[in-house]
Amino acid sequence: MILLTGGSGFFGSHLLARSASSFSYRCLMRPSAAVRNRFPVEIVEADVADRSSLQGILSGVDTVLHMAALIRGASPKEIIRVNLEGTRALVEEAKTHNVRRFVFVSTENALREDLKDAYAASKREAEAVVRTFPNSLILRPCFVYGPGDDHGLGRLIQLAVRSPLVPVFGGLKSFIQPIYVDDMVEYLVRSLKNDLTGSYLIVGPDVIHLNDFLKKYCETMGLKRRFVALPKSVLGLSAKAADLLPSAVGWGTNQFRNIYGSRTYSIEKTVQDFQFTPRSVEQGLQAFLRQT
Ligand SMILES: NC(=O)c1ccc[n+]([C@@H]2O[C@H](COP(=O)([O-])OP(=O)(O)OC[C@H]3O[C@@H](n4cnc5c(N)ncnc54)[C@H](OP(=O)(O)O)[C@@H]3O)[C@@H](O)[C@H]2O)c1
């Protein structure tokens, strides 16, 4: 039995679509979760950060696959509560119920010491908690794209779909390695089948400029768009202004640093140990087109 958290999210819904009938899942979902009962899985209602609601849900569980997290749209306090304290609660429960394996979906942001926001910090500290579990695996994805994505690349893509004029990042010198969601799911499935431990970056094989990725997306989808580069200085100022807003809007100096920071990695170790090579951007966008 696999205890899955985050099953109603972007990765979770793709994972369940792919593997609900091949594994025995018990899905921890909040009572408010929008996606429920679409798959042949057992559902238990709980809040990952409320230890009392976790009582008994790990009995008979062999592996925990913990993906639930708050990425944006919540206060730093709430992000720490769910991402760090929720992970701590699950790890402690797993230890007391003799769970064999703990797989944690973190983020590449956890590696970036320049990112000081609550999300990066919560994942960094949560990783340290997960490492206290003997048979544990940490996956650190970065820039995952595909249908149903409502975060980083997904939001930029939504903007490109809606508007004939697409604002892109001026003065951007850094590159990204986007990975298609089905390949992310393949790594998740393999994590449930293998016994790898330690931490792995999960990125695509192509190194591409973020603006070029958006242009390729529009070309593939047959969207005729004009791209307007916003000056880096204006974006920097808008990020500082967004920091002053009382509630999180998903844009601020941390997101600015995140976009403008360098983030290319070798995928050799991940490919070799998982024996799986993710598809190119070209192939990923074709798959996206077929699934849209
Ligand atoms: N998307 C990316 O590009 C990306 C990149 C790097 C890392 N990651 C990591 O990958 C994981 C999955 O990302 P995603 O894009 O699938 O995220 P997502 O779509 O935002 O889904 C988040 C999931 O967490 C659940 N959740 C949030 N708070 C919870 C709580 N207190 N108790 C129980 N469940 C709770 C949500 O449930 P509700 O339905 O109830 O809201 C949802 O199922 C996350 O850990 C994220 O940090 C994602």
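**View 1. Polar contacts hold the spotlight here, starting with Phe-11 and the ligand.** In this predicted model, a backbone N or O atom of Phe-11 sits 2.8 Å from one of the ligand's oxygen atoms. Tyr-119 comes in with its side chain instead: a polar atom there lies 2.5 Å from a ligand oxygen. His-151 also uses its side chain, with a polar atom 2.9 Å from an oxygen atom of the ligand. As for cover, the ligand on its own has 900 Å² of accessible area, and the protein covers 88% of that.

**View 2. Here is the shell of residues around the ligand.** It counts 24 residues, and the ones that come nearest are Ser-8, Arg-30, Met-67, Tyr-119 and Lys-123. Tyr-119 is also the residue with a polar side-chain atom 2.5 Å from a ligand oxygen, so keep an eye on it when you go back to the polar contacts. Sort the shell by residue type and you get 15 nonpolar, 6 polar and 3 charged. Two helices are worth picking out: H1, spanning 10-19, and H3, spanning 118-130, each give at least two residues to this shell.

**View 3. Asp-183 sits in a helix and is tucked out of the way.** The helix in question is H5, which runs over residues 181-193. Is Asp-183 buried or exposed? Its relative accessible area is just 3%, so Asp-183 counts as buried, the cut-off being under 20%. The side chain has a polar partner: one of its polar atoms lies 2.8 Å from the backbone nitrogen of Arg-279. Leaving aside residues up to four places away in sequence, Asp-183 touches Phe-276, Pro-278 and Arg-279. Arg-279 therefore turns up twice in this view, as a touching residue and as the owner of that backbone nitrogen.

**View 4. Stepping back, this is the whole chain that frames the close-ups.** It has 10 helices and 13 strands. For 292 residues, a compact globule would have a radius of gyration near 19 Å, and the chain agrees with its 19 Å. Its C-alpha atoms fill a box of roughly 55 × 40 × 35 Å along the principal axes. Buried residues make up 54% of the 292. Among contacts with a separation of 6 or more, 76% come from residues 24 or more positions apart. The chain exposes about 13,100 Å², with carbon and sulfur atoms supplying 53% of it.

How values were computed:
Residues numbered from 1 in each chain as written. Predicted model: local features only at pLDDT ≥ 70, side-chain atom pairs only at ≥ 80, totals over all residues. Heavy atoms only, no water. Near = heavy atom within 4 Å. Polar contact = N/O pair within 3.5 Å; in protein donor to acceptor, adjacent residues only side chain to side chain. Areas by Shrake-Rupley, 256 points an atom, 1.4 Å probe, with all protein chains shown as cover. Helix = DSSP H or I, 4+ residues; strand = E, 2+ residues; numbered from the N terminus. Nonpolar A, V, L, I, M, F, W, Y, C, P; charged D, E, K, R; others polar. Rg over C-alpha atoms; globule rule 2.2 N^0.38 Å. Buried < 20%, exposed > 50% of the residue type's maximum accessible area, 1.4 Å probe, protein only. Contact = heavy atoms within 4.5 Å.
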